[in-house]
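This briefing looks at how charged side chains are placed in one protein chain. The sequence and structure come next, followed by notes grouped by topic.

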Amino acid sequence: MKHICWSIVLLFVFACTNDKLPPPEEIPEDADVWTGPTITFSKLPTSDPTAAENQDRITDNVWITRGNNGGQIYNAIEEMGANKRESPMGTLWAIGKIRDLNRLDFQPFRTAVGRPKEVVGKDLVLFLREDEVYLSVKFTAWGQQQIGSFSYERSTEN
């Protein structure tokens, strides 16, 4: 009986110490990961979401903004407004830090963050699908009462 118990213990210890997850610092070699200086983007209350200054034009394919109807963010280059299931189109999001890229679970914005108004202060990683770029995002404000404002900090290209 002791021999069986020790075998089980050793098997458990081996399984726990032989995980295949990479260290948190490891990032896929072929990934385009933006870790350049952080910038802040803000859309002011009731400002026009179709105006360039109210869109964070991250790349030619992703222009993040928010309508003034209390909805979530969307990609102005691909959408006229937000769709709860898919917006922002062309993006996937994960809660976590860029250093943990290999361990993150990327999903559409609302699936990843839950209620958008609760996203403030969370560390996120944004994946730009067409551009194949990863960057860090942290929301610092989310306007309530259908004013369309929001603000976040994000990393830039290296």
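Asp-123 and Lys-138 are joined through their side chains by a salt bridge, with N and O 3.2 Å apart; a salt bridge here is a side-chain nitrogen of Lys or Arg within 4 Å of a carboxyl oxygen of Asp or Glu. The model is predicted, so local features need pLDDT of at least 70 and side-chain atom pairs count only at pLDDT 80 or more, while totals for chains, interfaces and linings use all residues. Residues are numbered from 1 along each chain as its sequence is written, and side-chain values use heavy atoms, with hydrogens and water left out.

**The salt-bridge network**
- Asp-123 lies in strand E7 and Lys-138 in strand E8 (residues 133-142), so this pair ties together parts that are 15 residues apart in sequence; strands are DSSP runs of at least two residues, numbered from the N terminus.
- Asp-123 also forms a salt bridge with Lys-97, where the closest N and O atoms are 3.1 Å apart.
- Lys-97, Asp-123 and Lys-138 are thereby linked in a network of salt bridges.
- Lys-138 is partly exposed at a relative accessible area of 28%, where buried means under 20%, exposed over 50% and partly exposed in between (1.4 Å probe, protein chains only).

**A buried arginine**
- Arg-66, which is found in strand E4 (residues 63-66), is buried yet has no salt bridge, and the nearest side chain of opposite charge, Glu-79, is 13 Å away.
- A polar atom of the Arg-66 side chain lies 2.7 Å from the backbone oxygen of Ser-149.

Conventions:
Helix = DSSP H or I, 4+ residues; strand = E, 2+ residues; numbered from the N terminus. Lys, Arg positive; Asp, Glu negative; His and termini not counted. Polar contact = N/O pair within 3.5 Å; in protein donor to acceptor, adjacent residues only side chain to side chain.
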